[in-house]
Amino acid sequence: MARTGNKNIQAKLVLLGDMGTGKTSMVLRFTKGQFFDFQESTIGAAFFTQVLSLNEATIKFDIWDTAGQERYHSLAPMYYRGAAAAVVVYDITSMDSFERAKKWVIELQRQGNPNLIMFLVGNKVDLEEKRKVGNEEAEQYAKENGLVFLETSAKTAQNVNELFYEIAKRLTKKV
Ligand code: GDP
Ligand code: MG
C-alpha cells in the first residue's frame with residue numbers, strides 16, 4: 001500500500017460568538033463527551049486541547065474558547081491571530097446572535113489572514129420549535145462569504161464531532 005507519510009499537525013482553533021450560544025458546551029461535548037444544562041459562563045477565554053486522527057494524520061487542536069461578552073472584545077485578536085480555523089457560533093433561536101455572528105465574520109475578514117478557515121455554526125438545533133434563524137438564510141449568507149456552514153446541537157451531540165472532523169479535513173488538505 002502506498003504511504004503518503006504521517007502528518008502531525010498542530011492547529012490553533014478559536015471559537016467566537018455571542019455569550020450563551022453554546023461555544024463552551026460544544027467544546028466540552030467534543031473533548032469530554034459531556035453536556036451541562038447549566039453551563040457556567042466563560043470568563044475571558046478557556047483553553048482546551050484535543051487530538052484527532054484522520055487517515056494518516058494526527059491533528060492536535062489548541063482550542064481557544066472565548067467568552068463572547070462585549071467587555072472582552074478587545075482580547076479577541078489575541079485568540080484569532082495565528083489561528084488556522086475560526087468557528088463563529090450563533091444560536092438558531094436568537095436572531096441577535098446571528099447578527100452578532102455576522103459582525104465577527106466581518107472582523108475576521110478584515111484581520112487579513114487569507115488562510116484562515118472560517119466556519120459558521122448554528123447551534124441548538126434541538127430547539128427547532130424555537131428557531132428564529134432559518135437554515136437557508138444562514139446557508140446563503142455562509143455561501144456568499146466563503147464560510148463552511150453547519151448546524152449543531154451540543155445537547156444531543158448532533159454534528160459536533162462532524163464539525164471538528166470537517167476542520168481537520170480541511171487542515172490536512174492544506175499541508
Ligand atoms: P457560551 O457562552 O457560548 O460558551 O455558551 P454555553 O456553552 O455556556 O451555553 C449557554 C447555555 O446554553 C447553557 O445553559 C447550555 O446548557 C445551553 N446550551 C448550549 N448548547 C446547547 C444546545 O445545543 N442545545 C440546548 N438546548 N442548549 C444548549
Ligand atoms: Mg463559554
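Is Arg-100 buried or exposed? Keep that one in your head for a moment, and hello, everyone. What you see above is a predicted model. Now the reply: Arg-100 counts as buried, because its relative accessibility is 13% and the cut-off for buried is under 20%.

Let's stay with Arg-100 and see what it pairs with. Side chains of opposite charge can pair when their charged atoms come close. The partner here is Glu-70, and the two side chains form a salt bridge with 3.5 Å from N to O. Glu-70 sits in the loop between β3 (57–66) and α2 (76–80), while Arg-100 belongs to helix α3 (residues 95–110), so this bridge ties together parts that are 30 residues apart in sequence. On the Glu-70 side we find an exposed residue, because a relative accessible area of 52% is over the 50% cut-off. So an exposed residue, Glu-70, meets a buried one, Arg-100. There is also a third member to point out: Asp-18 is linked with Glu-70 and Arg-100 in a network of salt bridges.

How many salt bridges does the count come to? It comes to 10. I'll show you two more, each inside a helix.

The next one is back in helix α3. Glu-99 and Lys-102 meet there in a salt bridge, with 3.6 Å from N to O. They are three residues apart, which is about one turn of the helix. Glu-99 has a relative accessible area of 35%, so it is partly exposed.

Now move along to helix α5 (residues 160–174), where Lys-169 and Glu-166 also lie three residues apart, about one turn of the helix. Their side chains meet in a salt bridge too, at 3.5 Å from N to O. Lys-169 counts as partly exposed, with 38% relative accessibility, whereas Glu-166, at 18%, counts as buried.

On to the metal. Which residues are the protein donors of the magnesium ion, ligand 2? They are Thr-24 and Thr-42, each through its OG1 atom, lying 2.1 Å from the ion. Thr-24 is in helix α1 (residues 23–32) and Thr-42 in the loop between α1 and β2 (45–54), so the pair links distant parts of the chain, 18 residues apart. Both threonines, Thr-24 and Thr-42, are buried.

While we are at α1, have a look at the whole helix. It is mostly covered, with nine of its 10 residues buried. Among them are Lys-23, Ser-25, Met-26, Arg-29 and Phe-30. After α1 comes Gly-33, which has a positive phi, near 70°.

Next, the empty spaces. Rolling a probe the size of a water molecule over the atoms shows where empty space is left. The largest pocket holds about 430 Å³ of space. It is lined by 23 residues, and the closest to its centre are Gly-20, Gly-22, Ser-25, Gln-39 and Lys-124. Our helix α1 turns up again here, giving the most to the lining of the largest pocket, with three residues. Sorted by class, that lining has six nonpolar, 11 polar and six charged residues.

Then there is the closed kind of space. The structure holds one cavity of 30 Å³ or more, and the largest cavity has a volume of about 80 Å³. Its lining includes Leu-16, Thr-66, Tyr-72, His-73, Tyr-79 and Trp-104. What classes do the residues of this lining divide into? Seven are nonpolar, five are polar and none is charged.

Last stop, the nonpolar core. The largest one has 29 residues, and those with the most contacts inside it are Phe-61, Ile-63, Val-87, Leu-163, Phe-164 and Ile-167. Both strands and helices give two or more residues to this core, including β1 (7–16), β4 (85–91), β5 (117–123), β6 (148–151) and α5. The largest share, six residues, comes from α5, the helix where we met Lys-169 and Glu-166.

One more residue before I sit down: Phe-119, in strand β5. At 1% relative accessibility, Phe-119 counts as buried. Its C-alpha atom is separated by 18 Å from that of Gly-20, and the two residues are 99 apart along the chain. You have already heard of Gly-20, one of the residues closest to the centre of the largest pocket.

Thanks for listening!

Methods. Residues numbered from 1 in each chain as written. Chains lettered and ligands numbered in written order. Heavy atoms only, no water. Donors = N, O, S within 2.8 Å, 3.2 Å for Na, K, Ca; no water. Helix = DSSP H or I, 4+ residues; strand = E, 2+ residues; numbered from the N terminus. Buried < 20%, exposed > 50% of the residue type's maximum accessible area, 1.4 Å probe, protein only. Salt bridge = Lys/Arg side-chain N within 4 Å of Asp/Glu carboxyl O. 1 Å grid on protein atoms, 1.4 Å probe; cavity = no way out; pocket = protein on both sides within 12 Å on 5 of 7 lines; lining within 4 Å. Points joined across faces, edges and corners; volume = space filled by probe spheres on them. Nonpolar A, V, L, I, M, F, W, Y, C, P; charged D, E, K, R; others polar. Core = buried A, V, L, I, M, F, W, Y, C linked by side-chain atoms within 4.5 Å.
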